[in-house]
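Thank you all for making the time this morning. I would like to walk you through one structure, and I will try to be careful about what can be said of it.

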Amino acid sequence: MLQNTGKLAGCTLFITGASRGIGKAIALKAARDGANIVIAAKTAEAHPKLPGTIYTAAQEVEAAGGKALACVVDIRDEQQVVAAVQKAVDKFGGIDILVNNASAISLTGTLETPLKKVDLMLGVNLRGTYLTSKLVIPHLLKSRSPHILNLSPPLNLNPVWFKNHTAYTMAKYGMSMCVLGMAEEFRGQIAVNALWPKTAIQTAAMDMLGGEAIGKQCRTSDIMADAAYAVLSRPKDYTGHFLVDEDILKEQGVQDFDQYAVQPGHPLLPDFFLDEAPENLVEQMEQHGATPAFKAPSSSSSSSGGPIETTFVAIRGVLNEDVVKLTQAVYQFDLSGPNEGVWFLDLKSGAGQAGRGQPPVKADVVMTMDSGDFSKMFAGKLKPTLAFMSGKLRIKGDMALALKLEKLMGRMSKL
């Protein structure tokens, strides 16, 4: 675990959704420094299915060495937020740090999402984050080490993260857009950053999404608490960053990440929005006994190209000028089987491009194979050289360039 340094001693943190889960873990980490914690959450009475209340969380904060103020707050209600902010200022003399942790989730498609759920997600994730930030910022501007930390993902515009749960993605990205805008608006005055986990975190929400067996594929909320502590200990000119917990802790010298695992040594489930395709997340959850509450539509119901289109969406997500400079080749894929068709990968010009149909210029390498083997190849489950030697892949063109593609596939399979 990341050691406490005392840098948050005497600081006042206003944390939304801090009665349980990641929010409470961040509160306890700061409390060990002797920080003041405002627990702004809805749960005042014990919930039949969810652990903890604002009052039990306050008791834990004080037991850890901090001072606590428990406030009943639905961040959709402006008057409740106004009242909680004023109570915090009256009790602790100001606010130094805002952690926008409260969030609502429904991983459902457009036709399956009731408008009430849409309003809830937009109201909590987007509007609630914006409202709380707006009301706390005047106090942050008086602080010597002001921070806003939103628990929200990088703004990944890969369509796979929209197609199965558009409303949730819009709402969650709304929190990230607050970071993008406010970091620039208050640059030099307030540090505004986002933090997101690399893997699934064991919380009540995750249990609902994946069932009881999901836990062993998760890390504990301690990793997010340590990462948040590292960010909040930095000066106010450290701003505008979209951070991943494991990356920030590696910068702090942490090397042992098994200490954060619910079941050390067990394969971990990557979190959303970090370019692991949703279909792969579902498959991994099921392989290890979990029961996902969400599933992407089957490829048979889609006219967009099914798994091949999904693969090319992932490919487009990693293309950049550096990859193009290293490869300098155009590839054509002639696929047979259930998802037959012609696809291309242009790694010769600009930042690269990929998609269905003939390449814009003559291909340097033409690969002919079954569509199922193609998917395995780009998932890292079948190496092109082995596919070629076994007769599953026919290559026409420069073999050296074909080998370059194998290196790129190796890099993609690790993302």
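I will begin with the overall make-up, then take the helix packing, and finish with burial and the charged pairs.

Please keep in mind throughout that this is a predicted model. The protein has 415 residues, of which 53% count as buried, and its secondary structure consists of 15 helices and 12 strands. If we take the contacts between residues at least 6 apart in sequence, 70% of them join residues at least 24 apart.

Let me turn to the helix pairs. Two packed helices are described by the angle between their axes and the distance between the axes. For helix α4, residues 115-140, and helix α6, residues 166-185, the axes come within 7 Å and cross at roughly 15 degrees. Since angles under 35 degrees count as roughly parallel, α4 is therefore roughly parallel to α6, and the crossing of these two helices is right-handed. On the α4 side the residues that meet α6 include Val-118, Leu-122, Asn-125, Thr-129 and Ser-133, while among those contributed by α6 are Ala-167, Ala-171, Gly-174, Met-175 and Cys-178. When you look at such a list, it helps to recall that an α-helix has 3.6 residues a turn, so residues three or four places apart point the same way.

The second pair is helix α11, residues 306-318, with helix α13, residues 371-378, and here the axes lie 10 Å apart and the packing angle is about 30 degrees. This pair, too, counts as roughly parallel, but the crossing of α11 and α13 is left-handed. Pro-307, Ile-308, Thr-311, Phe-312 and Ile-315 from α11 meet Ser-371, Phe-374, Ser-375 and Phe-378 from α13.

Now to burial, where helix α8, residues 222-232, deserves a moment, as 10 of its 11 residues are buried. The buried residues of α8 include Ile-223, Met-224, Val-231 and Leu-232, and also Asp-226 and Tyr-229. Two cysteines can be mentioned alongside: Cys-71 is buried at 3% relative accessibility, and Cys-218 is buried with a relative accessible area of 0%. How many disulfides does a search of the whole structure find? The search returns 0.

Finally, the charged pairs: the structure holds 9 salt bridges. In one of them the side chains of Glu-60 and Lys-24 meet at 3.0 Å, N to O, and this pair links distant parts of the chain, with Glu-60 in helix α2 and Lys-24 in helix α1, 36 residues apart. Glu-60 is partly exposed, at 33% relative accessibility.

Another salt bridge joins Glu-251 and Arg-234 at 3.2 Å, N to O, and it likewise links distant parts of the chain, Glu-251 being in helix α9 and Arg-234 in the loop between α8 and β7, 17 residues apart. Glu-251 counts as exposed, at 54% relative accessibility.

A further bridge brings together the side chains of Arg-76 and Asp-74 at 2.9 Å, N to O. Is Asp-74 buried or exposed? At 18% relative accessibility Asp-74 counts as buried, because the cut-off for buried is under 20%, whereas its partner Arg-76, at 34%, is partly exposed. Beyond these pairs, Lys-198, Arg-219, Glu-246 and Lys-250 are linked in a network of salt bridges.

Note on methods. Residues are numbered from 1 along each chain as its sequence is written. This is a predicted model: local features need pLDDT of at least 70, side-chain atom pairs count only at pLDDT 80 or more; totals for chains, interfaces and linings use all residues. Side-chain values use heavy atoms; hydrogens and water are left out. A disulfide is a pair of cysteine sulfur atoms within 2.5 Å. Buried means under 20% relative accessible area, exposed over 50%, partly exposed in between (1.4 Å probe, protein chains only). Helices (H or I, at least four residues) and strands (E, at least two) are DSSP runs, numbered from the N terminus. A salt bridge is a side-chain nitrogen of Lys or Arg within 4 Å of a carboxyl oxygen of Asp or Glu. Axes are lines fitted to C-alpha atoms, for helices over the stretch in contact, and angles run from 0 to 180 degrees between N-to-C directions. Angles under 35 degrees count as roughly parallel, over 145 as roughly antiparallel, 65 to 115 as roughly perpendicular and the rest as oblique. A crossing is left-handed if the near helix is turned anticlockwise from the far one by less than a right angle, and right-handed if clockwise. Contact means heavy atoms within 4.5 Å.
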